[in-house]
Amino acid sequence: MADSELRLRPTASSKSKEILTPTSSDSEEEVAKIHRPESLSRTRITVLDVLRVLGGLLLLSCTLSYFITNDSIFWGHRPSFTRPAWLKARVRGPLFLTEAELSKYDGTDPTLPIYLALNSSIYDVSASPHFYGPGGSYHFFAGRDATRAFVTGCFEEDLNGDLRGVEEMFVPLELEEQPQTRNIPEGRARTARGRWKVDREKAYRKGREQVKAMVEQWRQTFDGGKEGKYFWVGTVKREEGWEGPKKLLCEKAAMGRPKTKAEVV
């Protein structure tokens, strides 16, 4: 009898096999859990785990940046979206100001921001009142569109947005007068006049491209440049013919004109 009981008593190994053997009533998920290695279930990394690590690293970086720079959480860089003035402008929407309305934003009223315009686009430069506010070295730019002065460098007579004729400052003086062809055969004279006309047109076209490039450089300075301190806020409203009579090139720009084609870079 004892011998038969011994044969029927389950061993430890048989018990473990019974526990690990799935039955027909087990679901697929339960079967997967039985066969999944225990080490794999313990080391599984989720997307949430990754986000937690990245968030922790970002928080640590921002904290270190603020304590080291004592100013910025982005290691000295202050993006536009971290500035209240930029956020306020985005919520308010673009402005459309006449030149008379724009003149009120020259920094003399402490309750208003400081604006300047470049090529009819208005930019907020309130972050640098020491430059563009009253007493600042560039205060004459505030409250107006002085694009012409940005190109010519004439900060008294060219504080306006009219760019007509500014390209002349890049055109060689020798191309302003037709070549002397009085004592040469007509065929050669005609060729010389034709070449002069083509060279002159090319010089003016290149001059307009240089003016455009200079304006673009200034636009980059004010439109998100200077680490986001300055930003676009609107457009100057103008009526047709606002420029008035075509202006002469200022003395400083005229004196700096190249004399010959060889001087043009």
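**Bonds, rings, strands and a pocket**

Student: Is C154 buried or exposed, and how is C250 placed?
Tutor: A residue is called buried when its relative accessible area is under 20%, exposed when that area is over 50%, and partly exposed in between, with a 1.4 Å probe and protein chains only. C154 belongs to the group with the low area, and so does C250, which makes the word for both of them buried.

Student: What kind of model is this, and at what pLDDT do side-chain atom pairs count?
Tutor: Residues are numbered from 1 along each chain as its sequence is written, and side-chain values use heavy atoms, with hydrogens and water left out. This is a predicted model, in which totals for chains, interfaces and linings use all residues, local features need pLDDT of at least 70, and side-chain atom pairs count only at pLDDT 80 or more.

Student: How many disulfides does the structure hold, and which residues are joined?
Tutor: A disulfide is a pair of cysteine sulfur atoms within 2.5 Å, and the structure holds one. With an S to S distance of 1.9 Å, this disulfide joins C154 to C250.

Student: Why is the disulfide of C154 and C250 said to tie parts together, and how many residues apart are they in sequence?
Tutor: Helices (H or I, at least four residues) and strands (E, at least two) are DSSP runs, numbered from the N terminus. C154 lies in the loop between helix 9 (147-152) and helix 10, while C250 lies in the loop between strand 4 (231-236) and helix 12 (251-255), so the pair ties together parts whose separation in sequence is 96 residues.

Student: What is the handedness of the disulfide of C154 and C250?
Tutor: The handedness is read from the torsion about the S-S bond, which is about 65° here. The disulfide of C154 and C250 is therefore right-handed.

Student: How many aromatic pairs are there, and what is the angle between the planes of F141 and F150?
Tutor: Rings of Phe, Tyr and Trp (its six-membered ring) pair if their centres lie within 6.5 Å, and planes under 30 degrees apart count as stacked, over 60 as edge-to-face and the rest as tilted. The structure holds 16 aromatic pairs. In one of them the buried residues F141 and F150 are stacked, with 4.1 Å from centre to centre and an angle between the planes of 10°.

Student: Why is the pair of W218 and F222 stacked, and in which helix do both residues lie?
Tutor: The ring centres of W218 and F222 are 6.1 Å apart and the planes stand at 15°, so the pair is stacked. W218 is partly exposed, with a relative accessible area of 31%, whereas F222 is buried at 0%. The two residues are four apart, about one turn of the helix, and both lie in helix 10 (residues 186-222).

Student: Which ring has the charged end of R238 over it?
Tutor: A charge sits over a ring if NZ of Lys or CZ of Arg is within 6 Å of the ring centre and within 35 degrees of the ring normal. The charged end of R238 is 3.9 Å from the centre of such a ring, that of W242.

Student: How do strand 2 and strand 3 run, and which residue of strand 3 stands opposite L116?
Tutor: Two strands pair if DSSP finds at least two bridges between them. Four bridges join strand 2 (residues 115-118) to strand 3 (residues 121-124), and the two run antiparallel. In strand 3, D124 stands opposite Y115, and the residue opposite L116 is Y123.

Student: Which way do the side chains of strand 2 point, and are they buried or exposed?
Tutor: In a regular strand the side chains alternate between the two faces of the sheet. From strand 2, Y115 and A117 point one way and L116 and L118 the other way, and all are buried.

Student: What is the phi of N119 in the turn of the hairpin?
Tutor: Most residues other than glycine have a negative phi. Strand 2 and strand 3 form a hairpin with two residues between them, and S120, in the loop between these strands, has a positive phi near 80°. N119 is not a glycine either, yet its phi is positive, at about 55°.

Student: Which element gives the largest share of the lining of the largest pocket?
Tutor: On a 1 Å grid over the protein atoms alone, a pocket is an open set of points where a 1.4 Å probe fits, with protein on both sides within 12 Å along at least five of seven lines, and lining residues have an atom within 4 Å of a point. About 220 Å³ of space lies in the largest pocket, a volume being the space filled by probe spheres set on the points, which are joined across faces, edges and corners. Of its 13 lining residues, the closest to the centre are Y132, Y138, F141, W218 and F222. The largest share of the lining, three residues, comes from helix 10.
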